[in-house]
Structure formats: structure tokens, C-alpha cells
Amino acid sequence: MNPLDHIFESSSRLLPEWILLIGAVVILLTVRRKWAPFLYLLTIISYIFSLVLSGEIVNGDVLYGGLLVWDKTGIIIKQLAGLAALIFFVHARLFKYPYKGEVFLMVLFTLLGISFLSMTTHFLTAYVSLELISLSSYVLVSMGKEKRQFEAGIKYLIFGATASAVMLWGISLFYGMTHLLDFSSPDFIKALGETSPALVECLCFLVLGGFLFKIAAAPFHHWVPDVYESTSTPVLSYLSFAPKAAGFAFIYRFVSSEISDLNLALALIIFLSLAVGNFSALWQKDFKRMLGYSGIAQSGFILTGLITGNHSDAYGTFFYLVTYLPVTMGSFFLADFLWKKVESMEISSFAGLGKTYPLLGLNALVILISLVGLPPTIGFMAKLVVFSSLADAASVSSGFLLYGLLIFGLLNAAISLFYYLRPAYFMIIKDPSERTSLYNFDLALSLTLSYFSFTLIYLFFAPDFISEWASGIF
């Protein structure tokens, strides 16, 4: 096939990305901003529909001479990100957020970056895609009239730019050694054959820095508390999942390329993420800050699925990632619901809400125990899968490190009980304070929150759906 035909053939595979680009351009050019929500919804539905169709014809081909990879991994991550963008829209509309066209435009740009990042093994494409996601995310975080939103956006930008610079430095060193940018190429690994393994591991850590920042893993987590506390909840709900999913997809591709044995580096990152996330969350009084620190710990649990005897086996990571969508976005929907009730994110201010509104208390309990990883919720199955994967890896390698990581992970799962169940304790056990509810019963909000809870319980009894979805990658 000549180069021009290859370009046309590659472009024909990118229907979902063309839909996103056209939708973004139309929203950008339209003058009547009241059209933006309708145009956004039309774009997202078309995007998801095209992904469902494209999921039937995956064959693992490379596009544009190796810049992109057409496979099941990319399709699944794009489907999850598209669902997250759809939930963002539902969340924003139900709570009547007065979002203008710029917000919907930035979400589409992040989704476009996620689409490309989820299907690449090429450093150049990965860097450009990550920057598209990051720049759009900085704008989304900074949008608002409050000073603290600008401060959170600046902190996010500074840490993000630093992480990108570190990543670009590692990429440049790899390119200087190999003269290649496709890390999945056999020639890339062959060119590193005479390089010190310790040096290669250090360069891998530099490259992963930008993506560890995006998934909020320690020690690249310092932006999390302020951003989570200040950002509007629907935007935060979307950013807490979709960019993370793309980051995990790239890390999976990078680790599975077997450039170096990264089990030690990943284990240290997991140790730090679990410790920093869980122990910091114990002291939080603000519900959204608590969710921010718990997100750091959740990143550690998801990364645990990559610690295996065989680097190509990351079933645990993708199983956990699929379950992470309803539980994390449901928790932020719950946060907004609680805010509408008491106009506060202080956990102590939730006292008695579960007694006053039993359905709200029940839904909150289901979502919170799913975050912990207790039955009968899918969170239990997710942690069971990743810990089983880690136990199998430890039995194969017979390494003290992996057994230590397994024990430490189980202890941290137990520790998370204290801060995850604290809001439920105040809502259900504590007596209500003397205050008048600021938000009466809303059927649409209650049904939507109940849908999240029902999904978490239903998937516990029917995990085969997720198993078939996640196992389709391998």
C-alpha cells in the first residue's frame, strides 16, 4: 500500500475522533451559546454510537505508520470516557449548572486527547495527546468567579507543566539512545540492549512521570486537594475518571512493552499512593477533599493490577477501571446532592440527613461501601480481582516485596473503612441538627442516585458483563 492510501485508510478508522472534532468546531463557531448543550449531547451520543460499531471490527492494525494503534484497549477506554462525558452532561443538567459553550468545548477537547492517548505506543502522539488533555483540564478547573478556583488552576498548571517537562526529558533521552519514538518496536528494545538496566529504569520513571501526574498517583499528587475542593462538581466528576482511564491505558502499554522490569518502581509508587491517600484522607473534614485523597489511594489499587508475573496480564487493572466509573461518578453525584441539602461539604454538617431522607442515606451507604470494597457491591469484586492478581504474581516470583505489598494493600483497604464510613455514620447514626432543609425531595435526583447504587449492587451479582468487557483486551 502506498503512503497516500495508508493515510486515507487510517483516517477512515478515526470516525469517532472526526465526530468529536466536528462537534468541537461547531460549538466553537456558533454564536448562540444556548445551542451548546444540545450540540454537545448530539456529539457525545454520536461518538459513543460510532464506538459501539467500531468495537466490532477491531483487528490490531497500526495507523499512520505507527503513530496510533487500532485495538480493543483503545476502544474500551474511549467507550468508558464517552460514558463519563455523558454522565457529566446528565449531572450538570439535573443540578442546573449554568455552563456556557466554553465548558462543553473543553470537555470535547479533553475527550479528543483521551481518544488519541488511549491508542498510541508512540512518544510523540502520547505527548501531544497528554498536553491536549492537560491544557483543557487547566481551563476547566479555572473556570469560575471564585478566587480559589484560579488558585487551584494555577497550582494544577504548575505541577502539570513540571510533570510534562520531566516526561519530555525522559523521552528525549530515550530518543537519543534509540533514534526511535515507538517504544513497542522490537528495534527500540534492541537499541537499549547494551544500556545499563538501572539507567533504563530511571528513564522509564521519568517518562511515566507525566502520566502518574494525570492519574493522581504519589508522589505526583500535590495538586489534588485544592483542585478537588475548588472545582465545580460535574467537571470534577468527569476529570476524576476520564483522563485517569487514558493515563492507565498508556501506562499499561508502556509496562507491557517490557522495556525494563518495572515491578519495583510500580510497587514503590503503589506503596506511596496507598499510604499518602489513605492516611491523609483520615483527617479530612471536607467531603470533596476526602474524595480527592481517596482517589490517590484508588490509583494505587488500580496500579496493583499491573504488578504481575507476566506483564501482558493486566486484567485486574481494567476490571477495576470499569468498576471505577459508576462508583467515582456516583460519589460526586452524591456530593452535589448533599451540598444541595445543607450547602456545605463539611462531613459533620450531614448529621441526620439519612434519618430525614432514608433513600438518600441508603444510597450514600451503598456508594461509600463500594468505595471501601465491601459486599454486596462491585467494589468488593474489583479489590478481590486485583489482590488475587497480586497474590498470583507473588507466588510466581516468590518475592518478599510483592507479599509485603499484598499485606499493605489489605491493611489500607481496612483503614479506608474509617474515613469512607464516617459520612454514613453522621448521616444515619447522628441526630439531625436544628436547621431547615435547603432542598426538598427531588424525584429526578433521587432516582439518578438510586440508579448508581443499583448498578453497583447489580454488578456484584453479575460481574460477567465486566469480565467479558475487560477480558476482550487480551
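Colleague: What is the relative accessible area of glutamate 151?
Modeller: This is a predicted model, where local features need pLDDT of at least 70, side-chain atom pairs count only at 80 or more, and totals for chains, interfaces and linings use all residues. Residues are numbered from 1 along each chain as its sequence is written, and side-chain values use heavy atoms, without hydrogens and water. Buried means under 20% relative accessible area, exposed over 50%, and partly exposed in between (1.4 Å probe, protein chains only). Glutamate 151 therefore counts as partly exposed, its relative accessible area being 46%.

Colleague: With which residue does glutamate 151 form a salt bridge?
Modeller: A salt bridge here is a side-chain nitrogen of Lys or Arg within 4 Å of a carboxyl oxygen of Asp or Glu. The closest N and O atoms of this pair are 3.9 Å apart. The partner is exposed, with a relative accessible area of 64%. Glutamate 151 is bridged to lysine 147.

Colleague: Why are glutamate 151 and lysine 147 separated by about one helical turn?
Modeller: Both belong to helix H7; helices (H or I, at least four residues) and strands (E, at least two) are DSSP runs, numbered from the N terminus. The separation is about one helical turn because, in H7, the two lie apart by four residues.

Colleague: And how confident is the model: what is the mean pLDDT of the protein chain?
Modeller: pLDDT is the predictor's confidence in each residue, from 0 to 100. In the protein chain, 93% of residues reach 70 or more. The mean for the chain is 87.

Colleague: Which element has the lowest mean pLDDT?
Modeller: The highest mean, 94, belongs to helix H11 (residues 233-239). At the other end, with a mean of 73 and spanning residues 464-471, is helix H21.

Colleague: How many salt bridges does the count come to?
Modeller: One of the pairs is glutamate 9 with arginine 13, at 3.5 Å from N to O. Glutamate 9 is partly exposed at 34%, whereas arginine 13 is buried at 16%. By the 4 Å rule, the salt bridges number seven.

Colleague: Where does glutamate 229 find its salt-bridge partner, and in which helix is arginine 289?
Modeller: Glutamate 229 and arginine 289 bring their closest N and O atoms to 3.0 Å. The pair links distant parts of the chain, 60 residues apart: glutamate 229 sits in helix H10, and arginine 289 in helix H14.

Colleague: Which residues do salt bridges that share partners join into one network?
Modeller: Let's start from that same pair: glutamate 229 is partly exposed, at 25% relative accessibility. Arginine 289 is buried, at 18%. Through shared partners, the network joins Lys155, Asp226, Glu229 and Arg289.

Colleague: Which helix gives the largest share of the lining of the largest pocket?
Modeller: A pocket is an open set of points on a 1 Å grid over the protein atoms alone, where a 1.4 Å probe fits, with protein on both sides within 12 Å along at least five of seven lines; lining residues have an atom within 4 Å of a point. The largest pocket holds about 800 Å³, the space filled by probe spheres set on points joined across faces, edges and corners. Its lining has 28 residues, with Tyr97, Met143, Glu146, Gln149 and Ser232 closest to the centre. Four lining residues, the largest share, come from H15.

Colleague: Is valine 107 buried or exposed?
Modeller: Valine 107 is placed in helix H5. Its C-alpha is 9.9 Å from that of valine 139, which is 32 residues away in sequence. At a relative accessibility of 1%, valine 107 is buried.

Colleague: Which residue does a cis peptide bond join to alanine 218?
Modeller: Most residues other than glycine have a negative phi, and most peptide bonds are trans. Here omega is about 5 degrees. The partner lies in the loop between helix H9 and H10, and the residue is proline 219.

Colleague: What is the phi of alanine 216?
Modeller: Alanine 216 also lies in the loop between H9 and H10. With a relative accessible area of 2%, alanine 216 is buried. Although alanine 216 is not a glycine, its phi is positive, at about 60 degrees.

Colleague: Is glutamate 343 buried or exposed?
Modeller: Glutamate 343 has a positive phi too, of about 55 degrees. It is found in the loop between H15 and helix H16. With a relative accessible area of 53%, glutamate 343 is exposed.
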